[in-house]
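Here is a walk through one protein model, going from the overall layout to the sheets and then to a helix. Have the viewer open as you read.

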Amino acid sequence: MTDFEKQPEEGQKEEFESLESFGKSKIEEYSGLKERLGPDENIEMMSTASLKGEDKYVICLTDKRVLLFNSGKSKLLGKRKQFEDIKLDQIRDIQVDERKDFDKVTIETKSGKKELMTPEGKGVAISGLIRDQQQTEERDPADQLEKIGREKEKGNITEEEYEEKKDKLMDEI
């Protein structure tokens, strides 16, 4: 086990199995990452790329940030910190370089570039999920209020659903 893996708690197996995951992600990694999350933060996707021996590179997308964990001494994509995180609102651009054995995803932030290793053929899907999550995070609550109002007028949602969604959005404003 790497130093961030831990034994899963009750209910985490079901959460892990319903998660979008790439590579050889394990439930013990999921359980260890859950410990690093904020109280209202959820894991949306995990990717594990294995290197030589026990070395691993894990990417975890939450609804607020991208968590990066490098378990080994490998410097395949340059000098690495063992654990880093990138807030979604800091990401300016994402580029994917598909290679043999792994894909390289480069995330450009306000403070520089981060190069990530993903399982071969999965870089495009992972970058798409990150972009989708950014768009979800950036939505304007006032725009969403207008949208659910129109949906209620059309009869697509009930009064009860409207009130529930409205209350959630009002809490965000």
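## Ground rules and overall layout

Before we talk about which residue stands opposite which, one definition: two strands count as paired if DSSP finds at least two bridges between them. Keep in mind, too, that this is a predicted model.

The protein chain has five helices and eight strands. Reading from the N terminus, the elements go α-β-α-β-β-β-β-β-β-β-α-α-α. Of the 173 residues in the chain, 40% count as buried. The chain exposes about 10500 Å², and carbon and sulfur atoms supply 42% of that. If you take the contacts between residues at least 6 apart in sequence, 42% of them join residues at least 24 apart.

## The five-stranded sheet

One open sheet has five strands in the order β1-β2-β3-β4-β5, and its pairing is mixed. At the edges sit β1 (20–23) and β5, each of which pairs on one side only. From one strand to the next, the twist averages 10°. Helix α2, residues 27–34, lies across β2 (43–50), β3 and β4, and runs at about 130° to β2.

Now look at how β4 is held on either side. Strand β3 (residues 56–62) pairs with β4 in the antiparallel sense over five bridges, and a hairpin of two residues joins β3 to β4. In this pairing, Leu61 stands opposite Val66 in β4. On the other side, β4 and strand β5 (residues 83–87) also pair in the antiparallel sense, over five bridges. Here Leu67 stands opposite Asp85 in β5.

## Strand β4, covered on both faces

How many of the six residues of β4 are buried? Six of six: strand β4 (residues 65–70) is mostly covered. In a regular strand the side chains alternate between the two faces of the sheet. You can follow that here, with Arg65, Leu67 and Phe69 pointing one way from β4 and Val66, Leu68 and Asn70 pointing the other way. All of them are buried, whichever way they point.

Phe69 is a handy residue to click on in this strand. Why does Phe69 count as buried? Its relative accessibility is 3%, and the cut-off for buried is under 20%. Phe69 and Asp85 are 16 residues apart in sequence, and their C-alpha atoms are 8.7 Å apart in space.

## The three-stranded sheet

The other sheet to look at is an open one of three strands, ordered β6-β7-β8 with antiparallel pairing. Its edge strands are β6 (91–98) and β8 (112–119), each pairing on one side only. Neighbouring strands in this sheet are turned by 20° against each other on average, if you ignore direction.

Seven bridges join β6 to strand β7 (residues 102–109), and these two run antiparallel. Two partners let you trace the register: Ile91 has Thr109 as its bridge partner in β7, and Asp97 has Lys104. The hairpin of β6 and β7 has three residues between the strands, and Asp101 takes a positive phi there, near 85°.

## Helix α4 and its two sides

Helix α4 covers residues 141–154, which is 14 residues. From its first C-alpha to its last it reaches 20 Å, close to the 20 Å expected at 1.5 Å a residue. Which residues of α4 are buried? They are Pro141, Leu145, Ile148 and Gly149. These residues cover an arc of only 110° around the axis, so they sit on the same side of α4. The general rule behind such a pattern is that an α-helix has 3.6 residues a turn, so residues three or four places apart point the same way.

The buried residues of α4 pack against α5 (159–172). On the face turned away from that buried side, α4 carries the exposed residues Glu146, Glu153 and Lys154. Just after α4 comes Gly155, which takes a positive phi of about 85°.

Note on methods. Residues numbered from 1 in each chain as written. Predicted model: local features only at pLDDT ≥ 70, side-chain atom pairs only at ≥ 80, totals over all residues. Heavy atoms only, no water. Helix = DSSP H or I, 4+ residues; strand = E, 2+ residues; numbered from the N terminus. Axes fitted to C-alpha atoms, helices over the stretch in contact; angles between N-to-C directions. Expected span 1.5 Å × (residues − 1). Buried < 20%, exposed > 50% of the residue type's maximum accessible area, 1.4 Å probe, protein only. Arc of directions from axis to C-beta. Contact = heavy atoms within 4.5 Å. Areas by Shrake-Rupley, 256 points an atom, 1.4 Å probe, with all protein chains shown as cover.
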